[in-house]
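Reader: I am new to this structure and should be grateful for a close look at a single part of it.

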Amino acid sequence: MPQQMMRLMAGLLLIMTAAAGAHAEEMKVGGGGAPVDCILKPVKEHFEKASGISLNLVYSSATMSFRQLVNGELDASTAGLPYADLLAAARKENIIVNDPAAYIPTTIGKGKIYTIVHRDNPVKELSREQLKGIFTGKITSWKEVGGSDAPIIVVLSKINPATNAAYRKLALDDAPYSTDILDAGRFEDLRDKVASTPEAIGFGPVTMLDGTVKTVGTPEFSRPIILITKGKPSPAAQKLIDFITGEGQKYVKE
């Protein structure tokens, strides 16, 4: 009899757990690069425990996730650049936003952009002027900036348009990037390409940094990281915003 009772209680517990899981609130948030890797992923587990809301992260890019928000596929999207710049980037990708004012951007953090080179590269610092010359293709040899007599290979992550746009604005005065570049996928791929290519240089968020590459000293380049909702943030979205800007700050990476 006790065993039967224990089995009955265990069954009821399983049913109650399944029912609770079935009714758990879920929030779907999209983005790429810095917003996901530096903020959303680090706070995800802690936010879910604190709020009881399941955070479903959809990795893409700033413009693609904004398109998904416009299409009603996400509860919120994120981007590592100001909202006006995001709209400009969206227009370039033929993303139609009939009423831009209907979307509310909220700043949830700041993302620094780091410049990296191969760890054996002797160059320790680069000025803003030198960076502009390198990434626009006007400076083509490391010798011109105090390095070895070797060609410079620029590595860009084309699937992260927000970071590219921010760096272009902050470091290059909005001048276009050189067309002679080595294309990379995610920032981890960019880091791996720089790590395996002695002449390479690239940039990205703090999560890209590790012992396989060297960070070059530069002026500080940082941009706002925003979370966008259609209309006023829902109660769930507001809880996420409050958590990130409050208790979650200790988990955020810059």
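Reader: Which strands does helix H6 lie across, and at about what angle does H6 run to S8?

Author: In this predicted model, helix H6, residues 161–171, lies across S5, strand S6 (153–157) and strand S8 (200–204). The direction of H6 is at about 105 degrees to S8. A further helix, H7 (residues 187–196), packs on the sheet and touches S5, S6, S7, S8 and S9; the direction of H7 makes about 155 degrees with that of S8.

The sheet itself is open and has 5 strands in the order S7-S6-S8-S5-S9, with mixed pairing. Strand S7 (181–184) and strand S9 (213–215) each have a single partner strand and stand at the edges, so one side of each lacks a neighbour in the sheet. From one strand to the next, the twist averages 30 degrees. The pairing of S9 with strand S5 (residues 114–118) is antiparallel and extends over 3 bridges; here His-118 stands opposite Val-213 in S9.

The wider setting is a chain divided into domain 1 (26–111 + 224–251) and domain 2 (112–222). Between these domains about 1,200 Å² is buried, 56% of it on carbon and sulfur atoms. In this interface, 17 residues of domain 1 are in contact with 18 residues of domain 2. There are 3 salt bridges between domain 1 and domain 2. The side chains of Asp-85 and Lys-169 meet in a salt bridge, at 3.2 Å from N to O. On the side of domain 1 that touches domain 2, helix H2 (33–51), helix H3 (62–70) and strand S4 (103–112) each supply at least two residues, and the largest share, 5 residues, comes from H2.

Conventions
Residues numbered from 1 in each chain as written. Predicted model: local features only at pLDDT ≥ 70, side-chain atom pairs only at ≥ 80, totals over all residues. Heavy atoms only, no water. Pairing = 2+ DSSP bridges. Helix = DSSP H or I, 4+ residues; strand = E, 2+ residues; numbered from the N terminus. Axes fitted to C-alpha atoms, helices over the stretch in contact; angles between N-to-C directions. Contact = heavy atoms within 4.5 Å. Domains from an automatic or database assignment. Buried area = accessible area lost by both parts, 1.4 Å probe. Salt bridge = Lys/Arg side-chain N within 4 Å of Asp/Glu carboxyl O.
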